[in-house]
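I opened the notebook to go through this structure one topic at a time and to write down what I looked up.

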Amino acid sequence: MQVNDRHPTTEGRERVTLVPESLDDLWHLTYIVEPGDLVSGDTTRRIQRNDDDMRDTGGEREHMWIELEVEDVEFAKFANRLRVGGVIVDCSREDQLDFHHTLNLEPFEELEVEKVWKPDQNDRLTEAVEATENPDVAIATVEEGEAYVHTVAQYGTEERASITGPTGKAAWGDGARPREELFEELATVLARMDVEAIILAGPGFTKQDALDYIEEHERGLADRITTVDTTGVGDRGVHEVLKRGAVDEVQTQTRISAEADLVDELTERIATGAEVAYGPDGVAEAADFGAIEQLLVLDERLRAERGDEGEWGIDVDAVIETTEQKGGEVTVFSGEFDPGQQLRNLGGIAALLRYRID
């Protein structure tokens with residue numbers, strides 16, 4: 001994420017000029033932009049005309065600059081865009097004021113966001129800027145007869161390839177392909193990916209055989225690979241890689257593994273009856289006592305509580321502010337990851353405490 005300009009406006013608001021550089025950056029903006037904010041950028045809009053020639057076409061699309069008062073935000077991962085909908089409050093064509101419009105934001109398109117910035121939203125913006133410097137990572141998991149390739153992004157892990165081949169150290173015969181063909185296809189997939197680091201993982205010796213093949217046939221690719229032992233492949237293998245911190249060695253700010261560590265400590269404390277609080281009421285009470293060492297809150301729940309869909313009987317922003325004022329740290333979890341899903345099952349908010357309060 002690029003931050004090209006930032007300046008105060010009125011009533012405690014700041015106007016920030018941003019250029020998202022990746023799908024990750026658009027995902028971050030999903031949890032920064034919220035109803036009531038002002039978002040502006042270049043767009044196209046269908047304009048109705050009164051002349052006879054245009055009556056049957058529904059109007060022409062024209063390029064224009066638009067500023068919206070935001071009503072809704074949607075991260076469309078598979079469309080590679082962020083949709084921001086709302087009412088036009090400023091525009092390069094005055095006749096379009098007060099109409100509804102949707103800005104379809106894509107990477108490398110400049111936009112401006114004016115809002116009262118909350119501390120966690122500033123933290124998220126900083127994280128997005130810092131993440132630009134981190135290498136992209138692929139995780140390849142392989143065992144006899146199958147291989148999988150996933151990418152690691154801040155919005156989650158995504159499977160990019162599933163490859164099957166013969167089991168055992170097969171040679172030609174009985175119509176089976178040699179296992180080297182599995183390695184060849186894996187190497188081809190990895191070579192096509194625009195990543196700076198690759199983690200090759202799996203059980204047994206198959207991953208080393210795969211690495212030996214890559215070293216012989218794709219020397220440049222092999223230089224980007226590190227190996228990790230796991231008991232499984234596919235999603236299970238990827239989870240093990242993240243848990244072992246292997247991604248952190250090449251991507252120091254990996255959101256996923258940090259959240260996994262926190263939720264593991266949370267569940268362990270719950271199991272042993274140690275210093276912990278979970279659920280909105282329990283966490284709010286702990287914040288009032290100044291007992292929170294680490295606050296864990298789910299991004300989707302945080303967004304809902306700040307909008308019209310809130311169900312908690314607490315002021316979540318007050319809890320965050322109190323936690324930080326009394327020396328605690330705040331981590332906003334992604335609902336896309338398994339740790340976030342575990343936090344969702346505990347009510348969407350929890351805290352690691354300095355001491356018990358009951």
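**Aromatic pairs**

I looked up Phe-183 and Tyr-213 to begin with, and both of them are buried. I keep in mind throughout that the model is predicted.

I then asked how many aromatic pairs the structure holds, and the count is two. One of them is Trp-27 with Tyr-31, an edge-to-face pair whose centres are 6.1 Å apart and whose planes stand at 75° to each other. I checked the cover of these two residues as well, and Trp-27 and Tyr-31 are both buried. For Phe-183 and Tyr-213 I noted 6.3 Å between the ring centres and 50° between the planes, so this pair is tilted; an angle over 60 degrees would have been needed for edge-to-face, and one under 30 for stacked. Because Phe-183 lies in helix 3 (residues 179–192) and Tyr-213 in helix 4 (residues 206–217), the pair ties together parts that are 30 residues apart in sequence.

**Helix 3, two further residues**

While I was at helix 3, I also looked up Arg-179, which has its place there. Arg-179 has a relative accessible area of 5%, and I entered it as buried because the cut-off is under 20%. I followed Arg-179 to Thr-206, which is 27 residues away along the chain, and found 9.9 Å between the two C-alpha atoms.

Glu-181 is placed in helix 3 too, but with a relative accessible area of 21% I had to enter Glu-181 as partly exposed. From Glu-181 I went to Thr-164, which is 17 residues apart from it in sequence, and the C-alpha to C-alpha distance is 9.7 Å.

**Salt bridges**

A search of the whole structure gave me 25 salt bridges, and I wrote out a few of them. Arg-13 and Glu-114 meet through their side chains in a salt bridge, with 3.5 Å from N to O. Arg-13 lies in the loop between strand 1 (2–8) and strand 2 (14–19), whereas Glu-114 lies in strand 7 (residues 111–115), so this pair ties together parts that are 101 residues apart in sequence. I looked up the cover of both partners, and Arg-13 and Glu-114 are buried.

In helix 9 (residues 299–306) I found Arg-301 and Glu-305, which are four residues apart, about one turn of the helix. Their side chains meet in a salt bridge at 2.9 Å, N to O, and both Arg-301 and Glu-305 are buried. I then asked which residues are joined into one network by salt bridges that share partners. The members are Arg-13, Arg-15, Glu-67, Glu-112 and Glu-114.

I also entered the salt bridge in which the side chains of Asp-95 and Arg-93 meet, with 2.6 Å from N to O. Here Asp-95 is partly exposed at a relative accessible area of 45%, and Arg-93 is partly exposed as well, at 24%.

**Positive phi**

Next I looked up residues that have a positive phi although they are not glycine. Asp-98 has a phi of about 75°, and its place is in the loop between strand 5 (81–91) and strand 6 (100–105). I entered Asp-98 as exposed because its relative accessible area of 63% is over 50%.

Phe-108 has a positive phi of about 70°, again without being a glycine. Phe-108 lies in the loop between strand 6 and strand 7. Is Phe-108 buried or exposed? At 58% relative accessibility, Phe-108 counts as exposed.

**A charged patch**

The last topic I looked up was charge on the surface. Which residues form the negative surface patch? The patch is formed by Asp-123, Asp-315, Glu-321 and Glu-324. I traced Asp-123 to its place in helix 2 (residues 119–131), and I recorded that Asp-123 counts as partly exposed, at 44% relative accessibility. A patch residue needs over 30% relative accessible area, and I note that the 44% of Asp-123 is to be read against that cut-off.

Note on methods:
Residues are numbered from 1 along each chain as its sequence is written. This is a predicted model: local features need pLDDT of at least 70, side-chain atom pairs count only at pLDDT 80 or more; totals for chains, interfaces and linings use all residues. Side-chain values use heavy atoms; hydrogens and water are left out. Patches are made of residues with over 30% relative accessible area and no salt bridge: like charges are joined within 9 Å, nonpolar side chains (Val, Leu, Ile, Met, Phe, Trp, Tyr) within 5 Å. Accessible areas come from the Shrake-Rupley method with a 1.4 Å probe; for residues, only the protein chains shown count as cover. A salt bridge is a side-chain nitrogen of Lys or Arg within 4 Å of a carboxyl oxygen of Asp or Glu. Lys and Arg count as positive and Asp and Glu as negative; His and the chain ends are not counted. The place of a charge is taken as NZ of Lys, CZ of Arg, CG of Asp or CD of Glu. Helices (H or I, at least four residues) and strands (E, at least two) are DSSP runs, numbered from the N terminus. Buried means under 20% relative accessible area, exposed over 50%, partly exposed in between (1.4 Å probe, protein chains only). Rings of Phe, Tyr and Trp (its six-membered ring) pair if their centres lie within 6.5 Å; planes under 30 degrees apart count as stacked, over 60 as edge-to-face and the rest as tilted.
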